[in-house]
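Me: I'd like a close look at one aromatic residue and what surrounds it. Here's the model I have in mind.

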Amino acid sequence: MPRYKLTLEYDGTAYVGWQAQDNGASIQGALTDAIAAFAGERVAVYGAGRTDAGVHALGQVAHVDLAKQWDNDTVRDAVNFHLRPQPIAVLAAERVAADFEARFSAIKRHYLYRIANRRADLTLNLDRVWRVPRPLDAAAMHHAAQLLIGRHDFTTFRAAECQAKSPVKTLDRLAVLRDGEEIRIETSARSFLHHQVRSMVGSLVHVGDGKWSAGDLEAALVALDRSRCGQVAPPHGLYLVRVEY
C-alpha cells in the first residue's frame with residue numbers, strides 16, 4: 001500500500017488535541033474523515049506528536065497508507081477540500097518509503113512558545129499567544145534557560161499522566177528572544193515529555209518576573225519533584241513548528 005507523508009498546519013483552539021477522543025473533535029479525527037471522503041476508505045492516521053487541546057501546529061507531520069497510488073498534489077488538494085472550513089490544512093503530501101513513520105522516524109522536533117508581554121488585552125492574537133501583563137526580563141529568562149540544555153532527568157517538568165518510559169531527555173536548544181512586546185521561546189529536542197515545554201516556559205516566566213533566580217530554576221530541575229515546577233503555561237501559546245527526519 002502506498003504510504004504518504006502529510007505536513008500539516010492547524011489552529012488547535014477548537015479541538016481536544018491531536019488524538020481522537022470521545023469528548024470532542026480532534027485533528028486526527030478530522031483528517032480521518034477527510035481522507036475517507038476523498039479516498040473512500042477509513043484508514044489510520046499517525047502523527048509525529050500528540051499536541052494537546054488548544055496547541056497549534058505550523059509543521060505537524062503525519063503518515064497514512066492508502067490502497068491506491070495518487071499524485072501527491074491530488075492527495076493534498078483533495079484532503080484540503082474535505083477539511084474545509086475547519087482550520088486544518090495539508091501543506092504538502094509526499095509519497096514515502098513503506099518503513100517511514102511520522103513518530104518513530106523523527107530525529108528532532110522544534111517548538112515555539114509565544115508570549116505577549118503587554119498590558120493591553122489581546123485582539124488579533126487571542127488564543128494564539130499567552131498574555132503576561134507584568135514586565136518580563138527576557139535576557140534573564142534566556143540565561144536561566146541555558147541551565148536546562150543537555151541530558152537531564154526532567155521529572156520536575158513532566159505531567160503526572162505522562163506515559164514516557166523514562167523522564168530523561170536531551171534538550172538541544174532553549175532560547176528566549178524578545179521582539180518588541182512579544183517574547184518567543186524556541187526549543188528543540190528529539191522528543192519531549194508530556195507538558196515539558198509548557199512547564200519549562202511557565203517556570204521561565206517566574207524567572208522573568210523576578211519570582212525565581214536562575215539558581216531556583218536549576219534547583220527545581222535537580223529536585224526531580226513535580227511539585228517544584230513553576231506554573232504550567234497555557235496551551236494556546238504553543239506551536240509545533242517543524243519535525244526533522
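Is Tyr111 buried or exposed, going by its relative accessibility? Please walk me through its ring partner and the packing around it, then the other aromatics and the cysteines.

Reply: Bear in mind that this is a predicted model. Tyr111 comes out as buried, because its relative accessibility is 13% and the cut-off for buried is under 20%.

Now for its ring partner. Tyr111 pairs with Phe192: the ring centres are 5.4 Å apart and the planes sit at 90°, so this one is edge-to-face. Tyr111 belongs to strand S5, while Phe192 is in the loop between strand S9 (182-189) and helix H4 (196-208), so the pair links distant parts of the chain, 81 residues apart. Phe192 counts as buried too, at 16% relative accessibility.

Tyr111 also turns up among the contacts of Ile185. Setting aside neighbours within four places in sequence, Ile185 touches Tyr111, Leu112, Tyr113 and Ile115, along with Met141, Leu174, Ala175, Val176 and Val201. Two of these names, Ile185 and Ile115, come up again in the largest nonpolar core, which has 70 residues. They are listed with Leu6, Leu31, Val79 and Leu148 as the residues with the most contacts inside that core.

On to the other aromatics. The whole structure has five aromatic pairs. One of them joins Phe100 and Tyr245, and it's tilted, with 4.9 Å centre to centre and 55° between the planes. Phe100 is in the loop between strand S4 (88-96) and strand S5 (108-116), whereas Tyr245 is in the segment after strand S10 (238-244), so this pair ties together parts that are 145 residues apart in sequence. The two rings differ in exposure: Phe100 is buried at 11% relative accessibility, but Tyr245 is partly exposed at 31%. There's a charge-over-ring arrangement as well: the charged end of Lys68 sits over the ring of Trp70, 4.2 Å from its centre.

Last, the cysteines. The disulfide count is zero. For Cys162, the closest cysteine sulfur is the one in Cys229, and at 13 Å that's too far for a bond. Coming from the other side, Cys229 is in no disulfide either, with the sulfur of Cys162 as its nearest. A disulfide is a covalent bond between two cysteine sulfurs, and the cut-off used here is 2.5 Å. Both cysteines are tucked away from the surface: Cys162 is buried, with a relative accessible area of 13%, and Cys229 counts as buried at 13% relative accessibility.

Key
Residues numbered from 1 in each chain as written. Predicted model: local features only at pLDDT ≥ 70, side-chain atom pairs only at ≥ 80, totals over all residues. Heavy atoms only, no water. Buried < 20%, exposed > 50% of the residue type's maximum accessible area, 1.4 Å probe, protein only. Core = buried A, V, L, I, M, F, W, Y, C linked by side-chain atoms within 4.5 Å. Contact = heavy atoms within 4.5 Å. Phe/Tyr/Trp six-rings, centres within 6.5 Å; stacked < 30°, edge-to-face > 60°. Helix = DSSP H or I, 4+ residues; strand = E, 2+ residues; numbered from the N terminus. Lys NZ or Arg CZ within 6 Å of the ring centre and 35° of its normal.
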